[in-house]
Amino acid sequence: MAFEYYHQNLQEVKERIARACVSCNRNPDEITLIAVSKTNPVEAIQAMRALGPLHFGENKVQELVPKMKALDEDKQINWHMIGTLQTNKIKYLADRVDWIHSVPKLKALKEIDKRAEQAGRVIKVLIQVNISEEDQKSGCDPAELPGLLLKADEMQHITVMGLMGMATFSDDPELVRPEFRLLRELLELEQKRGYKSHQLTHLSMGMTNDLEVAVQEGATMLRIGTALFGKRAVDF
Ligand SMILES: *Cc1c(COP(=O)(O)O)cnc(C)c1O
């Protein structure tokens with residue numbers, strides 16, 4: 001039953017992405033869909049996974065770690081940590097997580113670099129930038145970005161792949177367009193600076209409510225929970 005429901009949800013999300021791409025002349029292949037499975041059980045991830053998605057996101061270390069373990073045999077899954085990061089928990093992620101989206105400060109970057117080195121890995125990270133007026137705490141200030149990227153450029157066990165942003169919560173997606181646009185402009189600015197090791201090709205922005213606007217403003221990664229798994233009973 002979940003399978004049919006997920007199948008339909010996935011089709012609808014893909015159609016929304018395809019229509020958004022048509023509206024701005026983009027190729028849907030440029031866009032990675034991250035299925036945000038938070039609060040849903042491992043079985044839900046397996047059911048969704050069977051339909052094709054290869055990217056899964058979680059916003060809590062204590063939820064992500066057991067799920068990565070439970071699905072350890074599925075080496076094709078790309079695991080994304082997308083939620084507020086506590087530096088002291090990075091060590092639990094380092095041997096398996098593929099992407100960390102929510103890195104706002106140097107201390108966290110250093111810890112990821114150190115733990116990735118110990119695990120013999122390179123972890124892809126995105127710098128979370130505060131683009132919303134709502135919450136001053138999530139993400140670095142745009143003005144801090146160049147300094148942060150300069151220091152991160154020396155780190156061998158992370159690759160900074162781009163930027164991540166959370167827009168202001170709103171029922172009207174048009175209201176968040178300037179916030180997404182700001183994130184894209186910041187990325188374009190940093191792309192011109194010529195760092196050694198960063199790749200700076202990705203923009204992680206757009207969720208269930210605002211994915212169309214995010215695609216039109218240049219998102220390369222969409223983090224979609226509700227539209228795929230249904231409304232969460234509990235949220236935090
Ligand atoms: C929950 C969550 C999402 C997905 O939100 P939906 O509105 O359910 O699509 C995306 N990004 C982050 C950081 C989240 O915590």
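This dialogue reads the fold and the ligand site of a predicted model.

Visitor: How many helices and strands are there in the chain?

Guide: The chain of this predicted model has eight helices and eight strands.

Visitor: What radius of gyration would a compact globule with 236 residues have, and what does the chain have?

Guide: The radius of gyration is taken over C-alpha atoms, and the globule rule depends on the number of residues. For 236 residues the rule gives a value near 18 Å; the chain has 17 Å, which agrees with a compact globule. Along the principal axes, the C-alpha atoms fill a box of roughly 50 × 40 × 30 Å.

Visitor: Where does the ligand sit, and which residues surround the ligand?

Guide: The ligand takes up the space of the largest pocket. Among the residues that surround the ligand are Val36, Asn59, Ile82, Met166, Met207 and Arg232. By class, this shell has five nonpolar, four polar and three charged residues.

Visitor: Which polar atoms of the protein lie by oxygen atoms of the ligand?

Guide: A polar contact is a pair of N or O atoms within 3.5 Å. In this model, an N or O atom in the side chain of Lys38 is 2.7 Å from an oxygen atom of the ligand. Gly225 takes part through its backbone, with a polar atom 2.8 Å from a ligand oxygen. For Thr226, a polar side-chain atom lies 2.5 Å from an oxygen atom of the ligand.

Visitor: How much of the area that the ligand exposes when taken alone does the protein bury?

Guide: Taken alone, the ligand exposes 390 Å², and the protein buries 91% of that area.

Key: Residues are numbered from 1 along each chain as its sequence is written. This is a predicted model: local features need pLDDT of at least 70, side-chain atom pairs count only at pLDDT 80 or more; totals for chains, interfaces and linings use all residues. Side-chain values use heavy atoms; hydrogens and water are left out. A residue is near a molecule or strand if one of its heavy atoms lies within 4 Å of it. A polar contact is a pair of N or O atoms within 3.5 Å; within protein, one must be able to donate a hydrogen and the other to accept it, and residues adjacent in sequence count only if both atoms are side-chain atoms. Accessible areas come from the Shrake-Rupley method with a 1.4 Å probe; for residues, only the protein chains shown count as cover. On a 1 Å grid over the protein atoms alone, a cavity is a set of points where a 1.4 Å probe fits but cannot get out, and a pocket is an open set with protein on both sides within 12 Å along at least five of seven lines; lining residues have an atom within 4 Å of a point. A molecule sits in a cavity or pocket if more than half of its atoms lie within 2 Å of its grid points. Ala, Val, Leu, Ile, Met, Phe, Trp, Tyr, Cys and Pro count as nonpolar, Asp, Glu, Lys and Arg as charged, and the others, Gly among them, as polar. Helices (H or I, at least four residues) and strands (E, at least two) are DSSP runs, numbered from the N terminus. The radius of gyration is taken over C-alpha atoms; the globule rule is 2.2 Å times the number of residues to the power 0.38.
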